[in-house]
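Q: Please take a close look at the second largest pocket, and then follow the chain out from there to the strands and the core. Which classes of residue make up the lining of that pocket?

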Amino acid sequence: NTSREWEAGSARDRYALLSFLGKIDYNFANKYYLSASFRRDGSSRFHPDHRWGNFFSVGASWRLTNEEFMKDVSWLDNMVIRASYGTTGNDKLIVRQSNGRPGGEILYGYQGLYENDNMYTISGLRPSALSNAELQWEKNKQFNVGTDFTIFKDITATIEYYSRTSDGLLFYKSLPVSAQVGTVEGMNTNIGTLRNSGLEFTVSANVIHSQNFLWKIDANLSTLKNEIVSLPSEPFFWNNTVARYRMEEGNSLYDFYAPKTNGVDPETGYLNWVKADGSIVHESSQVGLDDNVKIGTAIPKVYGAITNSFVFKGFDFSFMFYYSLGSYMYDYQYNERTRVRYQTSALTDLIEDRWRQPGDQASFPRLSGNNLGKILGYCDRYVFKNDFARLRNLTLGYTIPATATRKIGVDK
């Protein structure tokens with residue numbers, strides 16, 4: 001090799017997790033149930049001062065229908081009231097790629113790392129990760145309370161409230177350019193507290209149950225409230241693939257933020273961009289992050305599914321609809337198909353109502369390969385309500401009678 005700039009290298013990653021756990025269950029007279037567990041986890045991703053985390057759970061349930069005072073309630077076949085509380089730990093750290101998608105895991109969470117940065121024949125190193133000896137376990141605290149019951153022998157239901165609080169969220173937080181060094185763009189940190197809570201309801205009912213015919217309905221309904229409870233830093237925006245969100249106390253982690261627009265300027269055919277003070281500009285570069293406003297949330301207010309099942313003699317038929325209400329979506333494909341730029345074409349049937357000449361009251365801006373900042377850009381035009389009910393499964397079957405299958409050596 002005539003070159004003076006050559007190198008050889010190898011690498012090995014190491015990660016260790018050690019856990020100790022125990023569990024106790026108690027049942028008294030098939031009426032009162034208790035359970036408890038404890039675990040202690042140690043992860044190499046944390047500094048020795050914060051390496052170990054202690055987590056536990058406790059739960060209790062009461063079967064009312066086994067009590068003497070419930071013996072005369074004939075319509076109630078079974079009823080259990082239950083509650084539980086527990087904590088778990090998370091040591092997984094993931095860096096988000098530039099497009100917002102999850103990247104690889106960070107194995108050396110608290111350690112400062114370096115990589116080679118040779119300059120011609122002079123050996124050198126540069127930082128690739130900043131150290132943070134205070135990094136520690138993310139703790140998830142979950143509380144559930146609910147009831148399971150069966151009435152009239154044909155209706156079974158569950159009602160449950162849940163709350164899950166994630167404290168000390170592990171997050172690779174981007175640093176301002178002035179604080180970046182080497183290839184370091186962010187820092188591993190525990191960033192705040194996030195809570196998910198809501199109600200879940202499921203029901204299964206035999207509407208008709210006779211010797212030759214069965215009609216059964218299964219349905220479920222859920223709600224979800226996602227809230228950033230605490231954030232030790234100032235609010236900041238973050239991007240996930242194509243959409244923009246804002247980390248701020250009281251907000252959801254998935255609230256869409258975008259600049260607002262106010263139609264198309266009839267004289268020029270350019271978009272009317274609305275700044276925070278209400279003024280109108282015609283260039284996307286004149287709109288900053290401070291001009292972004294909340295448009296909606298990606299999390300539905302309620303979602304679930306309904307399944308109908310029918311059995312008649314040997315035939316069975318079922319279909320399931322699932323639904324979601326109260327959420328919004330950012331339609332990236334619609335964005336791409338309704339604008340023109342270099343080497344990209346719009347679908348003309350989508351932009352029929354576009355600006356063509358001064359005075360047009362159009363829904364879409366002018367078509368132009370120039371002045372793209374005046375007709376293109378991430379904004380509220382592409383955030384839509386996402387309410388729907390869709391058919392997901394449709395099945396039809398027939399069960400051959402056992403008397404026929406046994407003749408060919410098949411039991412079922």
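A: The lining of the second largest pocket has 7 polar, 4 nonpolar and 4 charged residues. The classes are fixed by residue type: Ala, Val, Leu, Ile, Met, Phe, Trp, Tyr, Cys and Pro count as nonpolar, Asp, Glu, Lys and Arg as charged, and the others, Gly among them, as polar. The model is predicted, with local features requiring pLDDT of at least 70 and side-chain atom pairs pLDDT 80 or more, while totals for chains, interfaces and linings use all residues. Residues are numbered from 1 along each chain as its sequence is written, and side-chain values use heavy atoms, with hydrogens and water left out.

A pocket here is an open set of points on a 1 Å grid over the protein atoms alone, where a 1.4 Å probe fits and protein lies on both sides within 12 Å along at least five of seven lines; lining residues have an atom within 4 Å of a point. Points are joined across faces, edges and corners, and the volume is the space filled by probe spheres set on them. For the second largest pocket, this space is about 190 Å³. Its lining has 15 residues, and those closest to the centre are Leu 224, Ser 252, Asp 255, Thr 297 and Ile 299. Two elements, β15 (225-230) and β21, give two or more residues each to this lining. The largest share, 3 residues, comes from β21. Strands are DSSP runs of E of at least two residues, and helices are runs of H or I of at least four, numbered from the N terminus.

Strand β21 belongs to an open sheet of 4 strands, in the order β20-β19-β18-β21, with antiparallel pairing. Its edge strands, each paired on one side only, are β20 (280-281) and β21 (292-297). Two strands pair if DSSP finds at least two bridges between them. Strand β19 (residues 271-274) is joined to β20 by 2 bridges, and these two run antiparallel. Within this pair, Trp 273 stands opposite Val 281 of β20.

Thr 297 also gives a link to a later part of the chain. Its C-alpha atom is 7.8 Å from that of Met 329, although 32 residues separate the two along the chain. Met 329 sits in strand β24 (residues 328-330). Its relative accessible area is 31%, so Met 329 counts as partly exposed: buried means under 20%, exposed over 50%, and partly exposed in between, with a 1.4 Å probe and protein chains only. Leaving out residues up to four places away in sequence, Met 329 touches Phe 256, Tyr 382, Val 383, Phe 384 and Asn 386. A contact means heavy atoms within 4.5 Å.

Tyr 330 leads into the nonpolar core. A nonpolar core is a set of buried Ala, Val, Leu, Ile, Met, Phe, Trp, Tyr and Cys residues joined through side-chain atoms within 4.5 Å. The largest one has 25 residues, and Met 247 and Tyr 330 have the most contacts inside it. Elements giving two or more residues to this core are β16 (236-240), β17 (243-247), β18 (255-264) and β19. Apart from this core lies another, of 8 residues, including Phe 46, Phe 55, Ile 106 and Trp 137. Beyond four places in sequence, Tyr 330 touches Val 242, Ala 243, Phe 256, Asn 335, Tyr 378, Cys 379, Tyr 382 and Val 383. Phe 256 is thus a contact of Tyr 330 and of Met 329.

Strand pairing continues elsewhere in the chain. Strands β2 (residues 32-43) and β3 (residues 52-63) pair antiparallel over 11 bridges, with Phe 38 opposite Phe 56 in β3. Strand β3 also pairs with β4 (residues 76-90), antiparallel over 7 bridges, where Ser 57 stands opposite Gly 86. Strand β4 is joined in turn to β9 (residues 138-151) by 14 bridges, again antiparallel, and Ala 83 has Val 145 of β9 as bridge partner. Strand β9 runs antiparallel to β10 (residues 155-167), with 13 bridges between them; here Thr 147 is partnered by Ile 159.

Most residues other than glycine have a negative phi. In the hairpin of β9 and β10, with 3 residues between the strands, Phe 152 has a positive phi near 55°. Ala 29, in the loop between β1 (17-28) and β2, has a positive phi near 60°. Asn 30 lies in the loop between β1 and β2 and has a positive phi of about 55°.
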